[in-house]
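Biologist: I would like a close look at one part of this model rather than a tour of the whole. Could you choose the part, and take me through it piece by piece?

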Amino acid sequence: MRVYLPCTLPALARVATVGEIGPAPLTGYAVTPALVEWYVSGDTEELEYVALTEAARDSLRMLAADRADGVEVVARRVVVAVDVPEGGVSASADLEERARVRLAAAVPLALIAAVHVDDPSAVKDVEAALAALPAADRGDDDARFTVDGAEANELLWYATQEIPDLVG
């Protein structure tokens, strides 16, 4: 099963060093039965894009959390696509999070299919989204618009062999 895990560049560097994404449990996003039922007209590729987008939103929150903890991090969203056995994945019961899943175990580097990362040209939009996130969470529509603006930037696809270059 393809699962999209939100990440950051510093966290990806740890993955490259340690050899796995963890510790478990991990929150990710995938094409779940609830997502399929909700997004009736979509094909698998469209549904995977929805899951990838949800993971990118969580990556933005991870960037904000890192900064709040004093971690210096470049404003680029990161999503790691992994292929894991379905038995280790459980879907969320929350209807608001139709694509959300939990992984019961850490994911070895060998199960990473690809990494999706913002192009450096997206940094300005991601910075603006990070600055607007607290107001967006309080319900400010203009701030929500700014946060959603980061999604206008497509994440670039990288092969697993390119991870050292991304984090180096």
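**The sheet and the helix packed on it**

Modeller: Strands β8 and β9 pair in the antiparallel sense, with four bridges between them, and the model in which they are seen is a predicted one. One point at which to find this pairing is His116, whose bridge partner in β9 is Trp157. Of the seven residues of β8, six are buried, so that the strand is mostly covered.

The other pairing of β8 to look at is with β4, to which it is joined by five bridges, again with the two strands running antiparallel. Here Ala81 has Ala114 in β8 as its bridge partner, and Val82 is likewise matched with Ile112 in β8. Strand β4 is mostly covered as well, with five of its six residues buried.

From β4 one can step across to β1, since these two strands pair in the antiparallel sense over six bridges. Within that pairing, Leu5 stands opposite Val80 in β4. In a regular strand the side chains alternate between the two faces of the sheet.

With these pairings in mind, the whole arrangement can be set out. The sheet is open and has seven strands, in the order β5-β6-β3-β1-β4-β8-β9, and the pairing is antiparallel. Strands β5 (89–91) and β9 (155–158) lie at the edges, and because each has a single partner strand, one side of each is left without a neighbour in the sheet. From one strand to the next, the twist averages 35°.

Continuing from β1 toward the β5 edge brings us to β3. Strand β1, residues 2–7, and strand β3, residues 26–30, pair in the antiparallel sense over two bridges. Val3 has Ala30 in β3 as its bridge partner, while Tyr4 stands opposite Tyr29 in β3.

This is a good place to bring in the helix that packs on the sheet, which is α3, residues 44–68: it touches β1, β3, β4 (78–83), β8 (112–118) and β9, and its direction makes about 20° with that of β1. The length of α3 can be checked by simple reasoning, because at 1.5 Å a residue its 25 residues should span 36 Å, and its end C-alpha atoms are indeed 36 Å apart. The buried residues of α3 are Leu47, Val50, Ala51, Leu52, Thr53, Ala55, Ala56, Ser59, Leu60, Leu63 and Asp66. As background to that list, an α-helix has 3.6 residues a turn, so residues three or four places apart point the same way. After α3 comes Gly70, which has a positive phi, near 85°.

Returning to β3, four of its five residues are buried, so this strand is largely enclosed by the rest of the structure. Its other pairing to follow is with β6, residues 100–103, to which it is joined by four bridges, with the two strands running antiparallel. In that pairing, Leu26 stands opposite Leu103 in β6.

The chain on either side of β3 also deserves attention. In the loop between β2 (20–21) and β3 lies Pro23, and a cis peptide bond, with omega of about 0°, joins Gly22 to Pro23. Pro25 is found in that loop between β2 and β3 too, and the bond joining Ala24 to Pro25 is again a cis peptide, with omega of about -5°.

On the other side, the loop between β3 and α2 (33–38) holds Val31. The relative accessible area of Val31 is 23%, and because a residue counts as buried only under 20%, Val31 is classed as partly exposed. Leaving aside residues up to four places away in sequence, Val31 touches Met1, Val36, Leu47, Glu48 and Ala51. Two of these contacts, Leu47 and Ala51, also appear among the buried residues of α3. By contrast, Pro85 is 54 residues from Val31 along the chain, and the C-alpha atoms of the two are separated by 14 Å.

Conventions. Residues are numbered from 1 along each chain as its sequence is written. This is a predicted model: local features need pLDDT of at least 70, side-chain atom pairs count only at pLDDT 80 or more; totals for chains, interfaces and linings use all residues. Side-chain values use heavy atoms; hydrogens and water are left out. Two strands pair if DSSP finds at least two bridges between them. Axes are lines fitted to C-alpha atoms, for helices over the stretch in contact, and angles run from 0 to 180 degrees between N-to-C directions. Contact means heavy atoms within 4.5 Å. The expected span of a helix is 1.5 Å times one less than its number of residues. Buried means under 20% relative accessible area, exposed over 50%, partly exposed in between (1.4 Å probe, protein chains only).
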